[in-house]
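Colleague: I'm new to reading structures, and I'd love to know how the labels get decided. Could you take me through a few?

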Amino acid sequence: MMLLSNGKKKKSMRRDRIDIIYEDKFIIVVNKPSNLLTIATDNEKEKTLFHKVISYEKQKNKNNKVFIVHRLDKDTSGLIVFAKSERVKKLLQDNWDRMAKTRGYVAVVEGKVVKKEGTIKNWIKERTNFTSYTSNKPNDGKLAITKYSVLNVSKSYSLLNIKILTGRKNQIRVHMNDIGHPIIGDKKYGAKTNPLKRLGLHANILELEHPITHKLITFECTIPMQFQNMFESVDSTNKKDMQ
């Protein structure tokens, strides 16, 4: 679903197997599925979200263009913004930290998170093998701030609401591992389980200042049913206990 700045909701549309949340003359916002690259790599050129979006735009007009603004990891699902001109791309990229007012995620992590909410603040650095790690030494790397709150817990897992105040590479994945609760399916950052056969991370909220109109728009897509189903029995038990 998309929540417009005036509070009205509009159903997302599906075009050529793309879940389009919002589209105008300047930007297009898409709900990316898990296990799909945002952009091409040396090993994969066509099975990407960018390829799907540009194909969709070319079907409308062969002169249409699409530009990358930001990206999500291959195994992370959720909201991605594409620009329809180089000018809009530059406006968004150069001002992303200011224009992206809220960047919200949901994550399924291993174990019961006891602290109901918290803020993780440290500095993230990259290794030569392209993985990231944190340092508590001030200014030793790039400042990274992640806020979280617990939405639900089961015997073995927790469902978290997460907001990032900075956008560092693999930030949420690194920070969840730091607090001893790696994201399910994230073997790269400490996970020992993979019950959903995918990474348990989904970008579900983006509050953005429109690069041209400057209106504040909130885009939202639903939490994957796979995530919610892991906690259905817990909800049922809680309801019975309350009766």
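**How the labels are earned**

Modeller: Happily! Tyr 22 has a relative accessibility of 15%, so Tyr 22 counts as buried. Keep in mind that this is a predicted model.

Colleague: What makes 15% enough for Tyr 22 to be called buried?

Modeller: Buried means under 20% relative accessible area. With 15%, Tyr 22 meets that cut-off and therefore counts as buried. Phe 219, at 0%, is buried by the same rule.

Colleague: Why are Tyr 22 and Phe 219 called an aromatic pair, and why tilted?

Modeller: Ring centres must lie within 6.5 Å, and theirs are 5.3 Å apart. Planes under 30 degrees apart count as stacked and over 60 as edge-to-face, so the 45 degrees here makes the pair tilted. Tyr 22 sits in strand β4 and Phe 219 in strand β14, 197 residues apart.

Colleague: Which other rings form an aromatic pair that is tilted?

Modeller: Phe 50 and Phe 82, at 6.5 Å centre to centre and 45 degrees between the planes. Phe 50 lies in helix α1 and Phe 82 in strand β7, so this pair ties together parts that are 32 residues apart in sequence.

Colleague: Why is Phe 50 called partly exposed?

Modeller: Its value is 25%, and partly exposed lies between 20% and 50%, so the label fits. Phe 82, at 0%, counts as buried.

Colleague: How do you know that strand β4 is mostly covered?

Modeller: Five of the six residues in β4 are buried. Strand β4 also forms a hairpin with β5, with three residues between them.

Definitions and conventions: Residues are numbered from 1 along each chain as its sequence is written. This is a predicted model: local features need pLDDT of at least 70, side-chain atom pairs count only at pLDDT 80 or more; totals for chains, interfaces and linings use all residues. Side-chain values use heavy atoms; hydrogens and water are left out. Buried means under 20% relative accessible area, exposed over 50%, partly exposed in between (1.4 Å probe, protein chains only). Helices (H or I, at least four residues) and strands (E, at least two) are DSSP runs, numbered from the N terminus. Two strands pair if DSSP finds at least two bridges between them. Rings of Phe, Tyr and Trp (its six-membered ring) pair if their centres lie within 6.5 Å; planes under 30 degrees apart count as stacked, over 60 as edge-to-face and the rest as tilted.
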